Amino acid sequence: MNGSRLRARFVAGTDAQQAVAREQAEWWTQVANLGIEFTEAADAEIRIAFDSSDGAWSYIGTDCGAIPVNEPTMNLGFLDGGTAAHEFGHAIGLAHEHQNPEGGIQWNEAVVIREMARSPNFWDEQKTRHNILRRYEADQINGTAFDLDSIMLYFFPASWTLNGIGTNANETLSRTDKDFISGGKMYPTDGGSVSDAVELKVNARRRTQASIGKIGEEDLYKFTAAADGRYVVDTLGPTDVVMKLFGPNSETALIAEDDDSGIDTNARLAANLIAGEYFVQVRHYNRASGMGDYSIKVRKT
């Protein structure tokens, strides 16, 4: 959710390694409406190892929540240039820029597979195809035009391509990186935050009225489940929205998300919840679907 505070814990690492990770994590939090707090909490959402035999990688966004708490969600096996910033980009929801469907990189696949099997990555062919060669479909992502300067773009020498055109070694966040992460599709600096979440009363007689007024707008809500049971959250109205549910007692632990399970293009989530506080994020679907009024309600069935 916008304005969330993620917790990060170092599994290992020297003081110097940890200092680099902290510094480059701040490159993102300086521009995004998002916080990263370094802590000793065992259940921190981001858990960072420094295993030099395991390359550099991170799970993406809320996928970190599916990883057992005794395992790392990120490894910084090397810290060249902006490597830590690249991996923290993954941790807050960004994918690889070289897999942008608009990228057009002409891979020499045999060379890429051979080179990525070597140190420091030690990747097999499947992992190389997953992380480099496979392009995302346009409808899989909310992204930008291809950004040759993005921190999320690997450096590739010209010898790895069929047309002899490689990529740059990008060691800082690009202008597009900063604009995107702080914009309406990610963590808008002019948007709401968890502290501003509107309280929803479970089984309230009337629905809460709201409106989506601009592209990428995000509305945040919270409600308290006083007892274990099945709860339903839904929207009504002509505005096409996407909804996510987080909790219990956490604005970062994603439980479920939905687009069109309600009436027409409305969202509807039904889940068995334990007692606690929950957060709901409602976002406008896309530019073409229009904006306007909607209502939201939560009830215990």
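A residue is called buried when its relative accessible area is under 20%, exposed when it is over 50%, and partly exposed in between. Select Gly104 to try this out: its relative accessibility is 45%, so Gly104 counts as partly exposed. Gly104 sits in the loop between α2 and α3. Now add Phe146, which is 42 residues away along the chain. The C-alpha atoms of Gly104 and Phe146 are 8.7 Å apart. Keep in mind throughout that this is a predicted model.

**The whole chain**

Zoom out and show the protein chain as a cartoon. You should find 5 helices and 14 strands. The radius of gyration is 21 Å, close to the 19 Å that the globule rule gives for 301 residues, so the chain is as compact as a globular protein of that length. The C-alpha trace spans about 65 × 45 × 30 Å along its principal axes. Of the 301 residues, 46% are buried. Among contacts with a separation of 6 or more, 75% join residues that are 24 or more positions apart. Switch to a surface view: the chain exposes about 14700 Å², and carbon and sulfur atoms supply 47% of that area.

**Helix α1**

Next select residues 15–29, which form helix α1, and pick out Gln18 within the helix. Is Gln18 buried or exposed? Its relative accessibility is 17%, so Gln18 counts as buried. Leaving aside neighbours within four places in sequence, Gln18 is in contact with Phe10, Ala12, Gly13 and Phe50.

**Helix α2**

Move to α2, residues 83–91. How many of the residues of α2 are buried? The count is 9 of 9. They run from Thr83 to Ala91, and His86, Glu87 and His90 are among them. To see what covers these buried residues, show α1 together with the strands β2 (35–38), β3 (46–49), β4 (56–58) and β5 (74–76), which are included in the cover. After α2 comes Gly93, with a positive phi near 115°.

**The second largest pocket**

Stay with α2 and bring up the second largest pocket, which has a volume of about 580 Å³. Its lining is made of 26 residues, and the closest to the centre are Phe78, Asp80, Thr83, Tyr154 and Phe155. Thr83 is also one of the buried residues of α2. Colour the lining by class to find 13 nonpolar, 8 polar and 5 charged residues. Both α2 and α3 (109–116) supply at least two residues of this lining. The most comes from α2, with 3 residues.

**Two loops with cis bonds**

Follow the chain into the loop between α3 and α4 (125–133), where Pro120 is placed. The peptide bond from Ser119 to Pro120 is cis, with omega near 5°. Phe122 lies in the loop between α3 and α4 as well. Phi of Phe122 is positive, near 60°, in a residue other than glycine. At 46% relative accessibility, Phe122 counts as partly exposed.

For the last stop, select the loop between β10 (241–246) and β11 (254–258), which holds Pro248. Here the peptide bond from Gly247 to Pro248 is cis, with omega near -5°. Asn249 is found in the loop between β10 and β11 too. Its phi is near 55°, again a positive value in a residue other than glycine. Is Asn249 buried or exposed? Its relative accessibility is 55%, so Asn249 counts as exposed.

How values were computed. Residues are numbered from 1 along each chain as its sequence is written. This is a predicted model: local features need pLDDT of at least 70, side-chain atom pairs count only at pLDDT 80 or more; totals for chains, interfaces and linings use all residues. Side-chain values use heavy atoms; hydrogens and water are left out. On a 1 Å grid over the protein atoms alone, a cavity is a set of points where a 1.4 Å probe fits but cannot get out, and a pocket is an open set with protein on both sides within 12 Å along at least five of seven lines; lining residues have an atom within 4 Å of a point. Grid points are joined across faces, edges and corners, and a volume is the space filled by probe spheres set on the points. Helices (H or I, at least four residues) and strands (E, at least two) are DSSP runs, numbered from the N terminus. Ala, Val, Leu, Ile, Met, Phe, Trp, Tyr, Cys and Pro count as nonpolar, Asp, Glu, Lys and Arg as charged, and the others, Gly among them, as polar. The radius of gyration is taken over C-alpha atoms; the globule rule is 2.2 Å times the number of residues to the power 0.38. Buried means under 20% relative accessible area, exposed over 50%, partly exposed in between (1.4 Å probe, protein chains only). Contact means heavy atoms within 4.5 Å. Accessible areas come from the Shrake-Rupley method with a 1.4 Å probe; for residues, only the protein chains shown count as cover.
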